Amino acid sequence: MSVGPRLRTDVVDVYVFRRTPEVELLQLRRAAEPFAGAWHPIMGHVEPGETAVQTAARELGEEVGLAAGTAAVLGAWQLEQTHPFFLADRDEIVLSPRFVVEAEAGFQPLLNDEHDAHRWIPIAEAPRAFIWPGQRHAIRELAETVLPGGDSAAALSLLGAAGAFARPQA
């Protein structure tokens, strides 16, 4: 018999940005419950046999039509901090790995039926546009670690290794 909230690790978040040249973040509006009408990044559940990175790549394609491993994906990174949050109605603590993907400047999402709208938010407006503290923290980590480049961004990059975000060799 377990005591306390159940621990879940089957959810990932993917933050998509582009440079136009301003850095803009993609938000999707949920079409149905839970959280109908809420704006958020790409979110998805790990399927049996998938890694979190594979889930992020799959959800990127399913939710916005951006295929990992293609020229339209200019960069992909894991974020260092895992996003924990509590769902009171389910008595669950969810630990959510977070990822960042840079799309080419002209990218426009092709939404699936989970969402009824999208918008691009200038990074300066992100703290007001993302309602959850963990999401705002992810944006800060993106701004402080990924955007400047350097050793930290290189260490967190998903493009250099074989896997879901690797580009095919010519």
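Start by selecting P34: with a relative accessibility of 41%, P34 counts as partly exposed (buried is under 20% relative accessible area, exposed over 50%, partly exposed in between, with a 1.4 Å probe and protein chains only). Keep in mind that this is a predicted model, where local features need pLDDT of at least 70, side-chain atom pairs count only at pLDDT 80 or more, and totals for chains, interfaces and linings use all residues. Residues are numbered from 1 along each chain as its sequence is written, and side-chain values use heavy atoms, leaving out hydrogens and water.

P34 sits in the loop between β3 (23-30) and β4 (39-40); strands are DSSP runs of E, at least two residues, numbered from the N terminus. Now add A105: its C-alpha is 31 Å from that of P34, with the two positions 71 residues apart in sequence numbering.

Next, show β1, β8 and β7. They form an open, mixed sheet in the order β1-β8-β7 (two strands pair if DSSP finds at least two bridges between them). At the edges are β1 (6-8) and β7 (83-87), each pairing on one side only. Zoom in on β1 and β8, which run parallel over three bridges; R8 has V94 in β8 as its bridge partner.

Finally, pick I93, in strand β8 (residues 92-96). I93 is partly exposed, at 32% relative accessible area. Add L7 and F86 and you have a nonpolar surface patch, with about 280 Å² of accessible area together (Shrake-Rupley, 1.4 Å probe; for residues, only the protein chains shown count as cover). Patch members have over 30% relative accessible area and no salt bridge, and nonpolar side chains (Val, Leu, Ile, Met, Phe, Trp, Tyr) are joined within 5 Å; a salt bridge puts a side-chain nitrogen of Lys or Arg within 4 Å of a carboxyl oxygen of Asp or Glu.

Definitions and conventions. Helices (H or I, at least four residues) and strands (E, at least two) are DSSP runs, numbered from the N terminus. Patches are made of residues with over 30% relative accessible area and no salt bridge: like charges are joined within 9 Å, nonpolar side chains (Val, Leu, Ile, Met, Phe, Trp, Tyr) within 5 Å.
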